[in-house]
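Work through the exercises below with the sequence and the structure side by side. Try each task before you read its solution.

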Amino acid sequence: MGAGHSHDHSHDGGHGHGHAHAHAHAPKSFDRAFLIGIVLNTGFVIIEAGYGWISGSMALIADAGHNLSDVMALMLAWGASVAAKRPANERFTYGYKSSTILAALANAGLLLVAIGAILFETLRRVAEPAPVEGQTMAIVAGIGILINGGTAALFMRGQHDINIRGAFLHMAADALVSLGVVVAGLAILWTRALWIDPAVSLVIVAVIAWGTWSLLKDSVAMSMLAVPKGISKSEVRSYLVALPGVEAVHDLHIWPMSTTETALTVHLVMPAGHPDDDFLHEIAEALRHRHRIGHATVQIERTRDCAAGC
């Protein structure tokens with residue numbers, strides 16, 4: 001990514017406008033990882049739900065529900081990543097980058113539905129305990145550890161991309177949830193205590209709820225164009241104010257174009273006027289490297305008059 005272009009316009013009002021743009025390269029393609037992850041997890045969901053029903057294990061069914069939400073999450077994330085690469089057009093001038101934010105919101109909604117369904121069935125099982133085959137629980141969930149762990153490994157090389165890192169951490173957490181079901185199955189084998197199964201289901205629901213709240217909160221904030229996590233508006237302002245020749249900064253806006261790309265617009269008051277295009281390019285590069293803002297538009301003004309309503 002580099003500074004694309006800059007230009008300067010003179011106006012009757014006696015102030016100039018300069019614009020600097022820096023654009024991020026498209027993220028690496030993880031199409032193959034998404035495809036493999038979806039196929040593996042779909043197959044496992046069918047197996048786990050079937051054996052959960054046969055063995056009477058609500059913990060297995062709860063874990064299958066969670067894994068089904070993972071499949072939906074991977075499908076939505078994949079679809080959004082494909083849409084985000086489509087070029088801009090006359091109507092969608094930013095392209096379809098924000099579809100990744102919509103996918104995150106949709107995933108949070110799916111998880112909330114899954115939580116409600118699993119919680120309802122778990123509470124029913126608490127009220128009416130039923131026999132559970134601990135060995136089946138342990139074996140099937142053990143396969144889940146391999147499936148989820150393997151899927152997480154597919155996204156391991158993309159840790160620099162917050163979306164891919166999120167997929168990796170989510171699948172790794174699922175492997176830990178499956179480990180919990182294995183422990184529950186072994187505990188039932190040893191103790192014959194039926195309360196262990198619904199208890200583990202409640203723990204799984206808590207784990208899903210914790211992750212869902214974080215996803216919901218972040219995706220809603222992004223859809224409201226909040227400054228993305230990890231970027232400090234005050235630090236960006238301090239950097240801009242400290243630039244040589246800058247007397248004041250106003251109309252500073254920072255917002256997410258997608259879950260991986262950030263945009264900025266700002267007006268700089270520079271009494272001496274617009275220095276040169278290199279100045280704008282340097283700002284764009286600094287914002288990209290220091291603050292992870294890839295799309296910056298900077299407007300130069302010679303007086304403070306414009307600050308009130310420009």
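The exercises go from the whole chain to helix pairs and then to single residues.

This is a predicted model, in which local features need pLDDT of at least 70, side-chain atom pairs count only at pLDDT 80 or more, and totals for chains, interfaces and linings use all residues. Residues are numbered from 1 along each chain as its sequence is written, and side-chain values use heavy atoms, with hydrogens and water left out.

**Exercise 1. Survey the chain**

Task: Describe the secondary structure of the chain and the order of its elements.

Solution:
- Step 1. Find the elements. Helices (H or I, at least four residues) and strands (E, at least two) are DSSP runs, numbered from the N terminus.
- Step 2. Count them. The chain has eight helices and five strands.
- Step 3. Read the order from the N terminus. It is β-β-α-α-α-α-α-α-α-β-β-α-β.
- Step 4. Look at burial. Of the 310 residues, 46% count as buried. Buried means under 20% relative accessible area, exposed over 50%, and partly exposed in between (1.4 Å probe, protein chains only).
- Step 5. Look at contacts (heavy atoms within 4.5 Å). Among those between residues at least 6 apart in sequence, 71% join residues at least 24 apart.

**Exercise 2. Check the confidence**

Task: Find where confidence in the chain is lowest and where it is highest.

Solution:
- Step 1. Know the score. pLDDT is the predictor's confidence in each residue, from 0 to 100.
- Step 2. Take the average. For the chain it is 79, and 83% of the residues score at least 70.
- Step 3. Compare elements. Strand 1 (residues 3-10) is lowest, with a mean of 38. Helix 7 (residues 233-241) is highest, at 95.
- Step 4. Mark the weak stretches. Residues 1-17 stay under 50, and the model gives them 46 contacts beyond four places in sequence. Residues 21-27 are also below 50, with 24 contacts beyond near neighbours in sequence.

**Exercise 3. Compare two helix pairs**

Task: Describe how helix 3 packs on helix 6, then how helix 7 crosses helix 8.

Solution:
- Step 1. Choose the values. Two packed helices are described by the angle between their axes and the distance between the axes.
- Step 2. Set the conventions. Axes are lines fitted to C-alpha atoms, for helices over the stretch in contact, and angles run from 0 to 180 degrees between N-to-C directions.
- Step 3. Take the first pair. Helix 3 and helix 6 (residues 196-223) pack at about 160°, with axes 8 Å apart. Helix 3 is therefore roughly antiparallel to helix 6. The cut-offs are under 35 degrees for roughly parallel, over 145 for roughly antiparallel, 65 to 115 for roughly perpendicular, and oblique for the rest.
- Step 4. Give its hand. The crossing of helix 3 and helix 6 is left-handed. That means the near helix is turned anticlockwise from the far one by less than a right angle; clockwise is right-handed.
- Step 5. Take the second pair. The axes of helix 7 and helix 8 come within 12 Å and cross at roughly 150°. So these two helices are also roughly antiparallel. Their crossing is right-handed.
- Step 6. List the contact. Helix 7 uses Glu 235, Val 236, Tyr 239 and Leu 240. Helix 8 uses Glu 282, Ile 283, Ala 286, Leu 287, Arg 290 and His 291.

**Exercise 4. Place three residues**

Task: Is each of Ser 99, Leu 74 and Thr 262 buried or exposed?

Solution:
- Step 1. Start with Ser 99, in helix 3 (residues 99-127). Its relative accessible area is 18%, so Ser 99 is buried. Its side chain reaches the backbone oxygen of Tyr 96 at 2.6 Å. Beyond four places in sequence, Ser 99 contacts Ala 80, Ala 83 and Ala 84.
- Step 2. Move to Leu 74, in helix 2 (residues 58-84). At 4%, Leu 74 is buried. Beyond four places in sequence, its contacts include Phe 34, Thr 151 and Phe 155.
- Step 3. Finish with Thr 262, in strand 4 (residues 262-269). At 7%, Thr 262 is buried. Beyond four places in sequence, its partners include Pro 228, Trp 255 and Arg 292.

**Exercise 5. Read positive phi**

Task: Where do Leu 225 and Arg 292 lie?

Solution:
- Step 1. Recall the rule. Most residues other than glycine have a negative phi.
- Step 2. Check Leu 225. Its phi is near 65°, a positive value. Leu 225 lies in the loop between helix 6 and helix 7, and is partly exposed at 49%.
- Step 3. Check Arg 292. Its phi is near 60°, also positive. Arg 292 lies in the loop between helix 8 (277-291) and strand 5 (295-301), and counts as exposed at 51%.

Definitions and conventions
A polar contact is a pair of N or O atoms within 3.5 Å; within protein, one must be able to donate a hydrogen and the other to accept it, and residues adjacent in sequence count only if both atoms are side-chain atoms.
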